[in-house]
Amino acid sequence: MSDLTLILLSAGESNRFKLPLKKQWLRVGHDPLWLFVTNRLKASGFFKKIIIAAHGDEVAFMRLYSNEQIVTGGENRQASLRHALEAVDTEFVMVSDIARACVDEALIERLIEHKGAADVIVPALSAVDTIVYQGETIERADVQRLQTPQLSKTALLREALKSDTLYTDESSAIVASGGTRLLIEGDEAAHKITFAEDLAKIPCLQPPARTTLSGNGFDVHAFEEGRTMVLCGVTIDSPFGFKAHSDGDVAIHALIDALLGAAGLGDIGMLFPDTDARYKDIDSAELLNVTFQKLRHFGFELINVDLTIIAQTPRLQNYKEAMRRRMSKLLNIPMGRVNIKATTTEHLGFIGRKEGVGVLAGATLNYFDWTQA
Ligand code: MG
């Protein structure tokens, strides 16, 4: 049985990445980057267990994709690592960053060959450029660039990370607490994705799958006197509005469910519970915006939406264009890809009796194509 655990750090905010998605969620085929990296390293068979440290908002969604242990990360790399280390029960631990996407098996093997030869084993690259430090050219042979993954003695790493100092890698923490560091040959291919431009330097990534994901949504709200009626973000001239915790925009609610459905992200009640006072009388356009940003963050792009508003009253014929315009703006896609239909139920049922309105929504998404970014 292996005495080695792999920790993969995936909790970063991607602040420097400058694309609409978080880098953890760019797709390689159908797989988000974090899953691609996990599966690639798992295939080596070297690890007793893999632990992934993830952003708290993403843990539940990630668990739908992977059976590995996923723990909630902290406010920075070191805090995330500390959390993940609590779940490690092996003598040795290897720590890598999801952004270091193309680490190959040969590098992992080199690290394992040296396991125990020092308190931490570190892949290092020499400097190829001239190095100037505080205005003075220095001997570049004296400079080494340290990479991850690094292989540490678990107990020593736990101890070293109790410090309040923020270290950029494990070896700096271990050395600062009196431990030993062994540098071994690194790997240029193990380049780290920090900026969007880095994607071109990552050799092992395939483009995202060219596919369409579809979702549907349905919602009904009853009429209530004395409220403003809003549908698709447009105010409708009507003596009554909708009974609801929010502003009651039943069309946007159905659409949010269609969007979440296509992305596999659950439903509107999970995202915006109607027991939460924050959503009392809220403008549903704001809820749509939050949903839309979430989809982008998880690596999806919107292709089109189609809504069918089922209402015996009020008459919506004259509002359809304004609704299209408003939705196109909210969703940042052309009006031609936002379809709004209105129909009645021929006086049948609760809608026919003019007790409320129902809306059906459909949406299609694809994966953000980072190869074109
Ligand atoms: Mg609703």
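**Reading the labels on this structure**

Tutor: Along the sequence, the residues that bind the magnesium ion as donors follow the spacing D-x1-H-x31-H. The model is predicted: local features need pLDDT of at least 70 and side-chain atom pairs count only at pLDDT 80 or more, while totals for chains, interfaces and linings use all residues. Numbering runs from 1 along each chain as its sequence is written, and side-chain values use heavy atoms, with hydrogens and water left out.

Student: What makes a residue a protein donor of the magnesium ion?

Tutor: A donor is an N, O or S atom within 2.8 Å of the metal (3.2 Å for Na, K and Ca); water is not among the atoms, so a site may look incomplete. Asp219 (OD), His221 (NE2) and His253 (ND1) lie 2.1 to 2.4 Å from the magnesium ion. Those distances are within 2.8 Å, so the three atoms count as donors.

Student: Are Asp219 and His221 buried or exposed?

Tutor: Both Asp219 and His221 are buried. The word means under 20% relative accessible area, with exposed over 50% and partly exposed in between (1.4 Å probe, protein chains only).

Student: How many aromatic pairs are there, and why is the pair of Trp25 and Trp34 given the name it has?

Tutor: The count is 12 aromatic pairs. Rings of Phe, Tyr and Trp (its six-membered ring) pair if their centres lie within 6.5 Å; planes under 30 degrees apart are stacked, over 60 edge-to-face and the rest tilted. The ring centres of Trp25 and Trp34 are 5.9 Å apart and the planes stand at 75°, so this pair is edge-to-face. Trp25 has 0% relative accessibility and therefore counts as buried; Trp34, also at 0%, is buried as well.

Student: What makes the pair of Phe300 and Tyr367 tilted?

Tutor: The centres of Phe300 and Tyr367 are 6.1 Å apart, and their planes make 35°. That angle is neither under 30 nor over 60 degrees, so the pair is tilted. Phe300 belongs to strand E17 (residues 300-310) and Tyr367 to strand E19 (residues 356-367), so the pair ties together parts 67 residues apart in sequence. Helices (H or I, at least four residues) and strands (E, at least two) are DSSP runs, numbered from the N terminus. Both Phe300 and Tyr367 are buried.

Student: How do you know that the charge of Arg27 sits over the ring of Phe300?

Tutor: The charged end of Arg27 is 4.8 Å from the centre of that ring. The rule asks for NZ of Lys or CZ of Arg within 6 Å of the ring centre and within 35 degrees of the ring normal. The distance is within the first limit, and the pair is listed as sitting over the ring.

Student: Which residue makes a polar contact with the side chain of Trp25?

Tutor: The side chain of Glu58 does, at 2.8 Å. A polar contact is a pair of N or O atoms within 3.5 Å; within protein, one must be able to donate a hydrogen and the other to accept it, and residues adjacent in sequence count only if both atoms are side-chain atoms. Glu58 is in the loop between strand E4 (49-54) and helix H2 (59-62). Its relative accessibility is 0%, so Glu58 counts as buried.

Student: What does Glu58 touch?

Tutor: Leaving aside residues up to four places away in sequence, Glu58 touches Lys22, Trp25, His297 and Phe298, where contact means heavy atoms within 4.5 Å.

Student: Why is the link of Cys102 and Cys204 called a disulfide?

Tutor: A disulfide is a pair of cysteine sulfur atoms within 2.5 Å. Here the S to S distance is 1.9 Å, so the rule is met. A search of the whole structure finds one disulfide. The angle about the S-S bond is -85°, and the link is left-handed. Cys102 is in the loop between strand E6 (92-97) and helix H4 (105-113), and Cys204 in the loop between strand E12 (181-185) and strand E13 (213-225), 102 residues apart. Both Cys102 and Cys204 are buried.

Student: Why is Asn332 called exposed?

Tutor: Asn332 has a relative accessible area of 60%, so it is exposed. Its phi is near 55°, a positive value in a residue other than glycine. His347 is exposed because its relative accessibility is 55%, and its phi is also positive, about 70°.
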